[in-house]
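Me: Could you pick one part of this protein and walk me through it slowly? I am new to reading structures, so please explain the terms as you go.

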Amino acid sequence: MRILGIDPGLRSTGFGVLDAAGPRLTYVASGVIRTQDATQGNLPARLKLLFDGITELAARYQPEQAAIEIVFVNVNPQSTLLLGQARGACITALVASELPVAEYTALQVKRAVAGHGRAAKPQMQAMVQRLLSLPAAPGPDAADALGIAITHAHAGHTLARLHTAGLERTAASMYRRR
């Protein structure tokens with residue numbers, strides 16, 4: 001199963017692609033989509049860059065599933081709103097590419113990759129490097145995206161079993177009968 005992980009951001013959106021065969025994970029690609037080419041105040045142009053970039057990644061790497069980080073409210077409501085719009089552009093591109101999209105919180109990703117929810121960015125980078133046997137640590141945004149894909153690779157089997165049992169995930173990451 002090929003998984004595309006997305007760490008959404010308005011200035012830089014990390015992406016990571018990996019293949020999962022049971023517990024075995026194989027690195028395919030990672031990087032960052034940057035929107036600084038668009039005028040700083042031109043939000044629609046930046047969102048279009050994100051949409052087009054994610055659409056191109058889906059076409060190039062042909063993932064079977066996608067996973068994206070859930071955004072929480074920050075101290076600055078304006079920043080939260082902008083980040084939510086960037087995330088929406090990414091999700092729309094994934095859905096337009098006909099990919100099923102799973103969502104994970106930063107805490108879930110840190111626990112899955114580093115073993116605890118307070119892992120710092122350098123620790124996440126080192127663990128992603130180790131888990132995927134990479135020659136060097138990926139950049140912070142790419143490492144987060146790969147971490148999201150790793151989390152989905154491990155959680156995907158459980159989610160599929162819950163779905164088979166007649167349970168579905170709600171927006172709040174809770175499960176209920178269909």
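Reply: Happy to help, and here is a walk through the sheet.

This is a predicted model, with local features needing pLDDT of at least 70, side-chain atom pairs counting only at pLDDT 80 or more, and totals for chains, interfaces and linings using all residues. Residues are numbered from 1 along each chain as its sequence is written, and side-chain values use heavy atoms, leaving out hydrogens and water.

Start with the overall layout: 5 strands (DSSP E runs of at least two residues, numbered from the N terminus) make an open sheet with mixed pairing, in the order 3-2-1-4-5. At its edges you will find strand 3, residues 24-34, and strand 5, residues 101-104, each of which pairs on one side only (pairing takes at least two DSSP bridges). Going from one strand to the next, the twist averages 20 degrees (angles run from 0 to 180 degrees between N-to-C directions of axes fitted to C-alpha atoms, for helices over the stretch in contact).

Now zoom in on strand 1, residues 2-7, and strand 4, residues 65-69: they pair in the parallel sense, over 4 bridges. Try finding Ile6, whose bridge partner in strand 4 is Ile68. Helix 1 (residues 43-61) packs on the sheet, where it touches strand 1, strand 2 (12-21) and strand 3. The direction of helix 1 makes about 150 degrees with that of strand 3. Helices are H or I runs of at least four residues, and contact means heavy atoms within 4.5 Å.

Finally, return to Ile68, one of the residues in contact with Arg87. Arg87 sits in helix 2, residues 77-96, and its contacts beyond four places in sequence also include Pro8, Glu69 and Glu103.
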